[in-house]
Amino acid sequence: MAIGVDLVDLRRISNPDRLAKKVLSENELKLYESRDDKVNFLGGRFAAKEAFLKALGQGLGQIPLQSIEVLYRGLNQAPYIFYQNVEYDVSISHDGDYAIAVVCI
Ligand SMILES: CC(C)(COP(=O)(O)OP(=O)(O)OC[C@H]1O[C@@H](n2cnc3c(N)ncnc32)[C@H](O)[C@@H]1OP(=O)(O)O)[C@@H](O)C(=O)NCCC(=O)NCCS
């Protein structure tokens, strides 16, 4: 098993719509558009994707972030990562100016 973690300072996201188009998949963009807390949502997605790369042992830039999807499943709408047709566990949390995510693969 490998784990990855990433912490995002939301104050560094100066242009959320531009970043969203760069890092979110089509499915995630639909979720983003429906959210009132867009910057929180985006920060959580960014943290989850970077945590996944860490767990994989890959550096930023080797895998397009849009290809790593963070979706919701089940009645309780827990998030999961969908990458190359495989599902992975992820946990995301927000408080104030920060979003954090942990991924196990
Ligand atoms: C998960 C939960 C504890 C959130 O806690 P919180 O302290 O308010 O908020 P946090 O910032 O720590 O967590 C929010 C993140 O938790 C994740 N999350 C949401 N539901 C979750 C769940 N059931 N299990 C695990 N993670 C969940 C989401 O990724 C969310 O971030 P996002 O909106 O950016 O995707 C709370 O939403 C909860 O209890 N959900 C369960 C709902 C449920 O079971 N409903 C049953 C309906 S039948």
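## Ligand contacts

A backbone N or O atom of Asn76 sits 3.0 Å from a nitrogen atom of the ligand. That is a good place to start in this model, which is a predicted one. Two side chains join in as well: a polar side-chain atom of Tyr72 lies 2.4 Å from an oxygen atom of the ligand, and a polar side-chain atom of Arg45 lies 2.8 Å from an oxygen atom of the ligand.

How much of the ligand does the protein cover? On its own the ligand has 890 Å² of accessible area, and the protein covers 46% of that.

## The shell around the ligand

Widen the view and the residues around the ligand turn out to be Arg35, Arg45, Tyr72, Leu75, Asn76, Gln77, Ala78, Pro79, Ile92, Ser93 and His94. Sorted by class, that shell has 5 nonpolar, 4 polar and 2 charged residues.

Which elements give two or more residues to this shell? They are the strands β3 (78-83) and β4 (86-95). Of the elements, β4 supplies the largest share, with 3 residues.

## Helices α1 and α2

Now for the helices. α1 covers residues 16-23 and α2 covers residues 26-34; the two pack at an angle of about 155°, with their axes 9 Å apart. Angles over 145 degrees count as roughly antiparallel, so that is how α1 and α2 run relative to each other.

Who meets whom here? On the α1 side there are Pro16, Asp17, Ala20, Lys21 and Val23, and they meet Glu28, Leu29 and Tyr32 of α2. By class, this contact of α1 with α2 is made of 5 nonpolar and 3 charged residues, with no polar ones.

Key
Residues are numbered from 1 along each chain as its sequence is written. This is a predicted model: local features need pLDDT of at least 70, side-chain atom pairs count only at pLDDT 80 or more; totals for chains, interfaces and linings use all residues. Side-chain values use heavy atoms; hydrogens and water are left out. Axes are lines fitted to C-alpha atoms, for helices over the stretch in contact, and angles run from 0 to 180 degrees between N-to-C directions. Helices (H or I, at least four residues) and strands (E, at least two) are DSSP runs, numbered from the N terminus. Angles under 35 degrees count as roughly parallel, over 145 as roughly antiparallel, 65 to 115 as roughly perpendicular and the rest as oblique. Contact means heavy atoms within 4.5 Å. Ala, Val, Leu, Ile, Met, Phe, Trp, Tyr, Cys and Pro count as nonpolar, Asp, Glu, Lys and Arg as charged, and the others, Gly among them, as polar. A residue is near a molecule or strand if one of its heavy atoms lies within 4 Å of it. A polar contact is a pair of N or O atoms within 3.5 Å; within protein, one must be able to donate a hydrogen and the other to accept it, and residues adjacent in sequence count only if both atoms are side-chain atoms. Accessible areas come from the Shrake-Rupley method with a 1.4 Å probe; for residues, only the protein chains shown count as cover.
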